[in-house]
Every structure is written in structure tokens, then in C-alpha cells.
Amino acid sequence: MTALPARPSTRQLRLRGVDEADLAALAHLDREAFPDEPYPYFVLRQLYDVYPRHLLVLDDGTELKGYVLVGTPPDATRSWILGLGITRDERGRGHGRRLMLEVLRRLRADRVREVCLTVDPANLAAIDLYASLGFTAEQDVRVDYFGPGADRVIMRLTL
């Protein structure tokens with residue numbers, strides 16, 4: 001017997017910052033979004049401690065449905081998108097774009113000059129999303145960027 005696909009939430013999704021109480025739900029969301037390579041809980045905990053202003057979620061009132069996480073060093077010259085994840089039932093509904101537009105707005109307000117990210121070369125939907133937001137890809141795929149078999153495309157956006 002095959003499982004039925006999850007239904008999208010019928011509730012309005014609220015974009016907001018993360019609270020410490022959200023960390024377990026954020027870890028669950030990250031495991032769903034990236035089952036083969038989720039962040040360990042302790043890493044999400046530390047990223048929350050270091051980058052709370054640029055860790056945003058979409059919340060339907062009962063559970064988290066998406067998140068974006070950005071790391072920015074103190075000199076604010078370049079930020080890195082460290083994660084963008086949407087639950088399976090909410091993919092393809094513009095939520096990734098919504099999260100990215102808000103975090104890019106915040107980065108511009110913080111006078112960040114460049115935003116970078118990495119993406120699996122097979123994730124064409126993500127590459128198309130980032131390209132539609134103005135990111136450009138390096139010509140060559142970075143082979144084994146995250147270790148053996150974990151190739152990535154590096155994309156950049158000048159703000």
C-alpha cells in the first residue's frame with residue numbers, strides 16, 4: 001500500500017523569525033526537506049544562536065512549513081544562504097520565493113553586498129528559483145564540494 005501525498009495546509013502561512021521554542025520543529029522540518037543530509041539539531045541550535053535575525057520560518061499556526069537560514073559575518077560583505085526548505089505538501093506554491101524575497105530585503109537593509117549559496121546540480125527547481133531572483137551560477141559544477149559525491153553549483157547575487 002502506498003502512502004497518499006500530504007495535503008497542503010489550508011491555513012494562512014505567517015512569515016516570522018524563529019524562537020528558541022521552535023528549534024525541535026525546525027529540526028523536524030529540515031529532516032523532511034533534506035532527508036539525506038539534514039542539519040543535526042546541535043548545528044541548528046548554534047546557527048540560531050549566531051544568526052537569529054536571518055533565520056525565518058513559515059508557520060501555519062500548528063507547524064512550521066518552511067524556513068530560510070542565512071549566515072552573515074560581522075563585516076557584512078557577503079552572506080551565505082545556508083538553508084531553504086519547504087515541507088513536501090507546500091512545495092511549488094511560491095513559499096521558497098516568499099522566504100527568499102524577505103531575507104534578501106533584510107540583507108539589503110543590512111547593506112550586505114553579495115549573497116552566495118550552493119545547490120545540488122540536480123535540483124533544477126531550486127536553480128530556476130534562484131536564477132529568477134537574479135542569482136547567477138558559476139560555470140563549473142564544484143565536484144565533491146560537500147564531500148565525495150556531493151557536487152554543488154555555487155550561485156551569487158550582487159545586492
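In this predicted model, strand β2 (residues 55–59) pairs with strand β3 (residues 64–71) in the antiparallel sense, and five bridges join the two. Within this pairing, Asp-59 is found opposite Leu-64 of β3. As a brief reminder, the strands of a sheet pair through backbone hydrogen bonds, in either a parallel or an antiparallel way.

The β2 and β3 pair belongs to a wider arrangement: an open sheet of seven strands, ordered β1-β2-β3-β4-β5-β7-β6, with mixed pairing. The edges of the sheet are taken by β1 (14–17) and β6 (136–137); each has a single partner strand, so one side of each is left without a neighbour in the sheet. Helix α1 (residues 23–33) lies across β2, β3 and β4 (78–86), and runs at about 95° to β3.

Attention now turns to the largest pocket, which holds about 1,100 Å³ of space. Its lining is made up of 35 residues, and those closest to the centre of the pocket are Phe-34, Leu-84, Asn-123, Ala-126 and Tyr-130. Two or more lining residues come from each of α1, β4, α3 (95–109), β5 (114–119) and α4 (124–132). Among the contributors, β4 provides the largest share of the lining, with seven residues. Strand β4 thus appears in both parts of this description, as one of the strands that helix α1 lies across and as a contributor to the lining of the largest pocket. In chemical character, the lining divides into 18 nonpolar, eight polar and nine charged residues.

Technical notes: Residues are numbered from 1 along each chain as its sequence is written. This is a predicted model: local features need pLDDT of at least 70, side-chain atom pairs count only at pLDDT 80 or more; totals for chains, interfaces and linings use all residues. Side-chain values use heavy atoms; hydrogens and water are left out. Two strands pair if DSSP finds at least two bridges between them. Helices (H or I, at least four residues) and strands (E, at least two) are DSSP runs, numbered from the N terminus. Contact means heavy atoms within 4.5 Å. Axes are lines fitted to C-alpha atoms, for helices over the stretch in contact, and angles run from 0 to 180 degrees between N-to-C directions. On a 1 Å grid over the protein atoms alone, a cavity is a set of points where a 1.4 Å probe fits but cannot get out, and a pocket is an open set with protein on both sides within 12 Å along at least five of seven lines; lining residues have an atom within 4 Å of a point. Grid points are joined across faces, edges and corners, and a volume is the space filled by probe spheres set on the points. Ala, Val, Leu, Ile, Met, Phe, Trp, Tyr, Cys and Pro count as nonpolar, Asp, Glu, Lys and Arg as charged, and the others, Gly among them, as polar.
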